[in-house]
Amino acid sequence: MVNPTADAHPSTAQPYQGSRSFGLDIMRAVAILSVVYLHGYYFFPSDVYFAFAIDGVSVFFVLSGYLIGRIVIDVFVEQSANWSVLRRFWIRRWLRTLPNYYLVLVFLLLLSVLSGKAFPPEAPLYFLFSQNLFQIHPAFFPEAWSLSLEEWFYLVFPLAAFLLLRHLRPDLRRRYFLFMICVAILGFTAVRTLVAASNDIGSFQQWDELLRKRVLTYSDAIAIGVFAVYGQRYAPFLWRLAPRRMLAAGLAILVIDRVLFMQGGFYVKYLSLSVVPLATALLLPLLSSLRGNSSIGARVIYFFSRISYSMYLVHFSLVMLTLLPSLPFAAGRGPYVAYLCYWLLTIGIATLLNRYWEIPFMNLRDRVFTANRQKSATASDVTH
């Protein structure tokens, strides 16, 4: 029987054991380094900094959908799950994401108050991930927009799968689950298209606020990741058909997207946010099959993959906007010193956060669920 609470994140794993995928670690590492790199343009004039990199957050969305989709298929499609399984799914997911998020959020709120700034009036919304559910994301803690998309998807999509599939035959569960994925992709895409058509979007900021950073306009990127793992599970002949060509095509499309994105216009407004997740999904057939080793290069990739979540949470609001301006060895020393400190502080704080906060919660979660499984097995032995 598949473990219904298995988590695909590698926070406590060692490279490379069992079914661990080195290719997915590459995707995580590249995605977070791209995000941190792109935000580095704040330190330099636009004609100095070459801010050309893939959309790392979209890569994270597709990868998250792919990883969570495997668990959803195992527990809601391949089996007839009950409320207890659904509850364990949510608790296990929340123990993975919420401790880091709430720690950084509360710390930023405290720093804001202690520095004499006005307490953000929308702060309570952040605790329920609803700050960009129906409106434009506020200026405070701007990185949190992507966490809202993921948390709402992980709350609603498994619940819908549980309610819709639990009384169906296995073959019907597969068909209805595919229907759910398609409805999610098409539904979010339709909402985004309607918003784009009804607004005069003439700048990157408008595109970013109205189309990209809202829960109801970009969650299709996560659903595309679920669609990818559905194809891997139930259409393996297509998954293995031409993985190298798919990888080459996906990379080419991602590069072309960045070129077209620079031009703006119709492509950016209506197509880019669909093209990037689809191109990212093309990378998965080959990358998901790669296995790593203990070389230095593999360990570097694994290191950045392991701390990627912490890096994302701390790099912008905490490091760039809060810490750097107040540090005497960085402030007023020129953009190159500030830029170097930006990277060093981001990596250093993320490493500490991962080691002393994130991993302990992961270990606690594993101990709790292992104990619960052992109790269930003991009770089953006694009753039988």
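**Exercise 1.** Classify Cys 182 and Cys 341 by burial, and state how many disulfides a search of the whole structure finds.

*Solution.* Cys 182 has a relative accessible area of 30% and is therefore partly exposed; the class lies between buried, under 20%, and exposed, over 50% (1.4 Å probe, protein chains only). Cys 341, at 10%, is buried. The search of the whole structure finds 0 disulfides, a disulfide being a pair of cysteine sulfur atoms within 2.5 Å. This is a predicted model, in which local features need pLDDT of at least 70, side-chain atom pairs count only at pLDDT 80 or more, and totals for chains, interfaces and linings use all residues. Residues are numbered from 1 along each chain as its sequence is written, and side-chain values use heavy atoms, with hydrogens and water left out.

**Exercise 2.** Describe the packing of helix 7 and helix 12.

*Solution.* Helix 7 (residues 204–212) packs on helix 12 (residues 266–287) at an angle of about 50°, the axes being 11 Å apart. Helix 7 is therefore oblique to helix 12 (neither under 35 degrees, nor over 145, nor 65 to 115). Trp 207, Leu 211 and Arg 212 of helix 7 make the contact with Val 268, Lys 269 and Leu 273 of helix 12 (heavy atoms within 4.5 Å). By class, this contact has 4 nonpolar, no polar and 2 charged residues.

**Exercise 3.** Locate Thr 217 and determine whether Thr 217 is buried or exposed.

*Solution.* Thr 217 lies in helix 8 (residues 215–218). With 2% relative accessibility, Thr 217 is buried. Beyond its neighbours within four places in sequence, its contacts include Phe 188, Val 191, Leu 211 and Arg 212.

How values were computed:
Axes fitted to C-alpha atoms, helices over the stretch in contact; angles between N-to-C directions. Helix = DSSP H or I, 4+ residues; strand = E, 2+ residues; numbered from the N terminus. Nonpolar A, V, L, I, M, F, W, Y, C, P; charged D, E, K, R; others polar.
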